[in-house]
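I am opening a notebook on a structure that is new to me, and I will write down what I looked up in the order in which I looked.

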Amino acid sequence: MELSGVLLPVGAAVLLIVILYGSWTAGRLDRLHHRVATARARLETELARRSALVAELAGSGVLDPASSLLLLDAAHRARTAPEAEREQRESALTRAIAATGTDVQPWAGELAAAVRRVQLARRFHNDIVVSTRDLRTRRLVTWFRLAGHAPMPATIELEDGS
């Protein structure tokens with residue numbers, strides 16, 4: 001009788017700790033999923049800005065016609081790419097920027113800043129995705145399905161000049 005009197009409070013305390021940890025972990029997962037969505041939106045914004053800047057540069061008349069056409073085509077393909085081809089087309093735009101030698105003034109600084117913002121946004125997104133995936137693979141999270149029905153986030157792999 002004495003043993004069961006001790007086990008009941010200990011079992012209740014362990015159960016309470018598991019419930020509190022599970023609740024905290026579920027909240028953390030929710031915040032991480034929100035951060036992934038926010039970082040993805042920021043990356044999309046930076047990619048769109050870069051494409052718009054490249055298209056503007058291509059139409060400005062400061063580049064030779066071949067470079068202008070190459071950049072304009074790559075920017076258009078990147079902006080209109082279906083989701084399945086987006087990474088490849090954005091990488092093709094990065095290669096086109098590098099190949100055309102777009103270091104004409106005053107565009108060089110602005111274009112370099114746009115390329116750098118894309119690099120930073122992609123790294124930030126991928127870091128958050130890795131953190132989210134790490135947390136989602138823990139036993140407690142998978143056993144109790146603390147991630148709910150949220151899809152597993154994926155990293156974005158681009159050739160972004162980094």
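I began with one side chain, in a model that is predicted: Arg-42 has a relative accessibility of 45% and therefore counts as partly exposed, since exposed would need over 50%. I then looked for its partner and found Glu-46, whose side chain meets that of Arg-42 in a salt bridge with 3.0 Å from N to O. Both residues belong to helix 1, where they stand four residues apart, about one turn of the helix. In general, an α-helix has 3.6 residues a turn, so residues three or four places apart point the same way. I noted that Glu-46 has a relative accessibility of 1% and so counts as buried, while Arg-42 is partly exposed.

**Entry: the chain as a whole**

I stepped back to see where this helix sits, and I counted five helices and zero strands in the protein chain, which reads α-α-α-α-α along the sequence. Helix 1 covers residues 2-59. The C-alpha trace spans about 90 × 25 × 20 Å along its principal axes, and the radius of gyration is 24 Å, whereas a compact globule of 162 residues would have one near 15 Å. I also noted that 35% of the 162 residues count as buried, and that the chain exposes about 10,000 Å², of which carbon and sulfur atoms supply 62%. Among contacts between residues at least 6 apart in sequence, 74% join residues at least 24 apart.

**Entry: more charged pairs**

How many salt bridges does a search of the whole structure find? The search finds eleven, and I followed two further pairs.

- Glu-44 forms a salt bridge with Arg-40, with the closest N and O atoms 3.1 Å apart, and both lie in helix 1, four residues apart. Glu-44 is partly exposed because its relative accessibility is 23%, and Arg-40, with a relative accessible area of 25%, is partly exposed too.
- Arg-77 and Asp-73 meet in a salt bridge of 3.0 Å from N to O, and both lie in helix 2 (residues 65-79), about one turn of the helix apart. Arg-77 has a relative accessible area of 44% and so is partly exposed, as is Asp-73 with 36%.

I then asked which residues are linked in a network of salt bridges. They are Arg-40, Glu-44, Arg-50, Glu-83, Arg-86 and Glu-90.

**Entry: helix 3**

Two members of that network, Arg-86 and Glu-90, sent me to helix 3, because both are listed among its buried residues, which are those under 20% relative accessible area. The other buried residues of helix 3 are Ser-91, Leu-93, Thr-94, Ala-96, Ile-97 and Thr-100. The helix runs over residues 86-100 and reaches 21 Å from its first C-alpha to its last, close to the 21 Å expected for its 15 residues. Gly-101 follows helix 3, and its phi is positive, near 60°.

**Entry: a nonpolar patch**

Last, I looked at the surface, where Val-6, Val-10, Val-14, Val-18, Trp-143 and Phe-144 form a nonpolar patch with about 600 Å² of accessible area together. Helix 1 gives the largest share of the patch, four residues. Phe-144 lies in the segment after helix 5 (139-143), and I asked whether this residue is buried or exposed. Its relative accessibility is 52%, so Phe-144 counts as exposed.

Notes: Residues are numbered from 1 along each chain as its sequence is written. This is a predicted model: local features need pLDDT of at least 70, side-chain atom pairs count only at pLDDT 80 or more; totals for chains, interfaces and linings use all residues. Side-chain values use heavy atoms; hydrogens and water are left out. Helices (H or I, at least four residues) and strands (E, at least two) are DSSP runs, numbered from the N terminus. The expected span of a helix is 1.5 Å times one less than its number of residues. Buried means under 20% relative accessible area, exposed over 50%, partly exposed in between (1.4 Å probe, protein chains only). Patches are made of residues with over 30% relative accessible area and no salt bridge: like charges are joined within 9 Å, nonpolar side chains (Val, Leu, Ile, Met, Phe, Trp, Tyr) within 5 Å. Accessible areas come from the Shrake-Rupley method with a 1.4 Å probe; for residues, only the protein chains shown count as cover. A salt bridge is a side-chain nitrogen of Lys or Arg within 4 Å of a carboxyl oxygen of Asp or Glu. The radius of gyration is taken over C-alpha atoms; the globule rule is 2.2 Å times the number of residues to the power 0.38. Contact means heavy atoms within 4.5 Å.
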